[in-house]
Amino acid sequence: MSTSREDTSQQTNPETTADHQAYERQLEEALKHEREYVDRLYGRLDELREENREKLADVRRTGSSGSHQNRSERDAYATFYEDRLGQLDAVDNRLVFGRLDLDDASTRYIGRIGLADENHERLMVDWRAPEAGTFYQATAFDRQGVQRRRHLILERRTLRNIEDDVLDPEFLEHEEVLHGEGALLAALNRKRTGRMTDIVATIQAEQDRIIRADLAGVHVVQGGPGTGKTAVALHRAAYLLYTNRERLQKSGVLVVGPSSSFMWYIERVLPSLGETGVVMSSLATLYPGVRAVPESDPRIGRLKGSLDMVAVIKKAVADRQKVPQKVQTLSVDSSRVELRPKQIKHARERARATGKPHNQARETFVKILVQDLADQLEKQLNESSGNDMDRSYLLEDVRQARDVRVALNLAWMPMTAETLVRDLLSKRHYLESAGAHLSEDDVEALLRPKDAPFTESDVPLLDEAAELLGDFEAAVGHTAARAAAERNSNLENATKTLENVDAALEEMGVNGVVTAEMLAGINETGATRMTAAEAANSDRTWAYGHVVVDEAQELSPMQWRLLMRRCPMKSFTVVGDIAQASAAASSTSWGEALEPFVEDRYRLDELTVNYRTPSQISEAAVSMARAAGLEVSAPRAVREGEWSPQVIATDDVLGTLSRRLRQDLDAVAGGLVGVIVAQPEYDDVVRAVSEEFSDLTGTSESALERQILVLTPWEAKGLEFDTVVIVEPTSVVEAAYGTVGDLYVSMTRPTQRLALIASRGVPAGLEQWTTDGRESPAH
Ligand SMILES: Nc1ncnc2c1ncn2[C@@H]1O[C@H](COP(=O)(O)OP(=O)(O)OP(=O)(O)O)[C@@H](O)[C@H]1O
C-alpha cells in the first residue's frame, strides 16, 4: 500500500476524524524524524567535504620538492582529493531517497553513495550495494525481509514528502510493476530540461534486475519507446563500476550512442551518480581524431556497413604492397644498383610472412631489400677498388640514397588509415581492385572526391584499416611507441599509488571512485592533465572492460565489428528497439546483429512499461506504424495524458507551425519543445522558427540548451521533449526511403503533447486524430 503526506485524504480514507487526526499526527512525526535524519546525512556530507578540502590543502602545501616518485604520488593524492570533492558535490542534490525497515527491526537508508559516521557506523547504503537491492526488488509476494519501504522525496536538500509501501500481502496489486507510484509519477511528470536525469530513486523491479545482472557476457535489453532502456543502461554502467571497481577501473567503460545530440542529452546522468571516468562516444567519433558526418545515402551506408568490407579493406592494404613490372636502376652516391621485380616480390613475401601489420612489416621488407642492394654495391665496389668495403657504411649509404627511398616507398609506403580509406574511396582503380565483388553501380555510388569528409559509415572502415596497417607513427618515427611505453610504466606507478589511496578511502568511511588511469593520466609527462576517459578515447587500441551500446538497433555489422574489437572480453550491455531501426545497414533481429560475433551466447531481456509517452500518443504512434505494416511492440503506458495528439492537414505549414508553437509554449510553460523535420524542409523550418523565437531556438549545430529545438529524426533519436511538433510526416517517411520507423520514433518523443503538421498528405492510421486545418486553423 502506498501512503503519502499529500494524498492521505483520498487514499487512506480514515473513517473518523479522530483516526484522521491520529494519522496526520503520525505522519508529522515521521516527517520530523526523517528530516532530522536527512539533516544528519547532509551534516556528514559537509564534514567529509571539509576533511577533503583540508587534506587537499595539506597535499598542496607540501609543494613540488622530493623525488619524481614522491612528486607523482603527491599529485595523485591531490587529484584524488579533487575528484572526491567533485563526487561529493555531485551527489548533493537529493542525496538520500529511500529507507527500509527490516524484519530484524533494523533500518537502512539508501542513497547516492555510502556514508559512515566518524566511528564507522553506517549511516547510508550506496544504492548499488547488495544490501540496497531489496529497495528495488522487494514486493509483497517476495518481501525479502522488508517490512516497509519508504520513499523520501527531496527537493535538493529539503525533505518534501514521504511515501510508504507497506509490504503486506493484502496490498499486492501491481506491486511487482509499480511500487512507490507517487514518487514515480512525480518523477515522470517533471518538466524536461533537455538533459536526461537519473532515476535512482524510482528504479522499477524489472529494470533493477537488468541493472544488477552480472558483468560477463553480452546482455541485450529490448524494449519499446520510453521503457527506460537508456536510463537502465546508464544505471547499469554505474552499478558495474561500483561492483567491479577493481577490474573496470583499470580498463574503463565505454558508452556509445547514435548522435552527438544524444550524447549531449545523456552526458550528465553518470556524473550525477558519482561516476566521471566513463568514455562517451557517438558513432561519429569512435575513431580517434575523426569527427564523421552522417552518411546521407542509405545505399552507401548499406554497402559500407556490410561485412564484405572486411575483405575489401584487406585487399586495399595488400594492393599498397606493390611489385613494379620493370627493373629499376637506382643511384647510390656515384654508383648504380638494380632493383628487380623478383627481389621485391621475395621481400614482400617474407615481410607478409611476419604476420605483422603493414607499417610494421615494412621494416622487414626494407631490411631485406637494403641488404640485397648493399650486396650488389659491395660487389661492385670491391671489384673496382680491390678493397673490402665497410659493410655498415654501405648499408647506411643504400638506406639514405634518395632513389632507394623513393623506390621502396613506392613499393611499400607507410600509411595511415585515413590515407588508405580516402584513396580507396576516391580512386577508381583502387576501389575496383579491392572491391572485386562490387557492381559497376556500387563502385559509382561509393566513389567521391578526395577531399570529401569522412562519414559515419567510414568509421569502421578506418578502424579496420588501422588494424591491418598498424602504428604509423612508430613506422615513421618512434614517438608513439615511446609514449605508450611511458604510459604503461605510469600505469604501474598509478596502480601502486591507488593501493595507498584506497586505504585513505577506507579511513574516511566512504566509498569513492578513482581509477589507475586517472592517476596515470596525471602522471604523464608534461603539465597537461589527462583523465582516464581522455586517455582511452584517444587510443584506438584501448581494451575496455565493458561497453554499453544504446540505440543498438542502428548498428551496421561493420560497426558491431569495431565495437567487439574495443572489448575483447565481450562484456556488453546492448539496449535498443529492433522495430525503431532506421539506419540503412541495421539488422532486423538481435540474432542477425550479434551472431556473427558471439553466436547465440547473449542474454535477451525485455522491458515492458512505457514511462515517457502518455497512452493517447502511444496509441496514435502504434496505429500509424501498424497501418504501414511495421510490427511494433506496444509497451503499457504508465500515464494517461491531458492532451490527445493532433494531426493538422494544412496548406500553410509554417503559419500553422508558428501558431502551434505559441500554444505549446503556453501549455507547457517553461517546458521543452521539439520540432522534428526531415532534411528537405529542415532549413526553411529552422529559418522560420529562429526568426520568430530567436532567443529560444536551437539546433544540434547551434545550441542544444534552448527551449525549442529543431532536429532531424536521426538527431531526435533517444531524446524526449514535453511537446513535439512533427513537420511534414510524409517527408519524414520519404527521407527514410518509404519506411515509417523514423516517424514512429519521432512520434514517441513527447511526454505531454504531440502535433503533426502536414500539407502533403497524412500517413495511414492517423485518420482518427486528423483535423483539417484548411477549414479551421490549429487550435
Ligand atoms: N524507473 C523510472 N523512474 C523514473 N523515470 C523513469 C524510470 N524509467 C524510465 N524513466 C523515464 O522515462 C523516460 C524514458 O526513458 P528512456 O529514455 O531511458 O527510455 P528508452 O527506452 O531509452 O526510450 P527510446 O528507445 O524511446 O529512446 C525518461 O525520461 C526516463 O527518465
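**Entry 1: the shell around the ligand**

I sorted the residues of the ligand shell by class. I counted eight nonpolar, 10 polar and four charged residues. The model is predicted, and I keep that in mind throughout. In total, 22 residues surround the ligand. I noted the closest ones: Pro225, Gly228, Lys229, Thr230 and Tyr611. Next I asked which helices supply at least two residues each to this shell. They are α5, residues 181-189, and α7.

**Entry 2: the UniProt record**

I looked up the annotation. UniProt, in an unreviewed entry, places a "binding site" at Gly223, Gly224, Pro225, Gly226, Thr227, Gly228, Lys229 and Thr230. I picked two of these residues, Pro225 and Thr230, for a longer look.

**Entry 3: Pro225**

Where does Pro225 sit? I found it in the loop between β8 (218-223) and α7 (229-243). Is Pro225 buried or exposed? I counted 28 other C-beta atoms within 10 Å of Pro225, and the cut-off for buried is 20 or more, so Pro225 is buried. Then I listed its contacts, leaving aside neighbours within four places in sequence. Pro225 touches Asp577, Gln580, Asn610, Arg612, Thr613, Val745 and Thr748.

**Entry 4: Thr230**

I moved on to Thr230, which lies in helix α7. Is Thr230 buried or exposed? It has 26 other C-beta atoms within 10 Å, so by that cut-off Thr230 is buried. I again left aside neighbours within four places in sequence. The contacts of Thr230 are then Met196, Ile266, Asp550, Val575 and Gly718.

**Entry 5: the sheet with β8**

The loop of Pro225 follows on from β8, so I turned to the sheet because β8 is one of its strands. I read an open sheet of six strands in the order β10-β9-β13-β14-β8-β15, with parallel pairing. Which strands stand at the edges? They are β10 (279-282) and β15 (602-607). Each has a single partner strand, so one side of each is left without a neighbour in the sheet. I noted that the twist averages 15° from one strand to the next.

**Entry 6: β8 and β15**

How many bridges join β8 to β15? I found six, and the two strands run parallel. I also checked who faces His219: Arg603 in β15 stands opposite. Last, I looked at helix α26, residues 590-598. Helix α26 lies across β8 and β15, and runs at about 175° to β8.

Technical notes. Residues numbered from 1 in each chain as written. Predicted model: local features only at pLDDT ≥ 70, side-chain atom pairs only at ≥ 80, totals over all residues. UniProt positions renumbered as here; feature names shortened; annotations may be inferred. Helix = DSSP H or I, 4+ residues; strand = E, 2+ residues; numbered from the N terminus. Buried ≥ 20, exposed ≤ 12 C-beta atoms within 10 Å, placed from the backbone. Contact = placed C-beta atoms within 7 Å. Near = placed C-beta within 6 Å. Nonpolar A, V, L, I, M, F, W, Y, C, P; charged D, E, K, R; others polar. Pairing = 2+ DSSP bridges. Axes fitted to C-alpha atoms, helices over the stretch in contact; angles between N-to-C directions.
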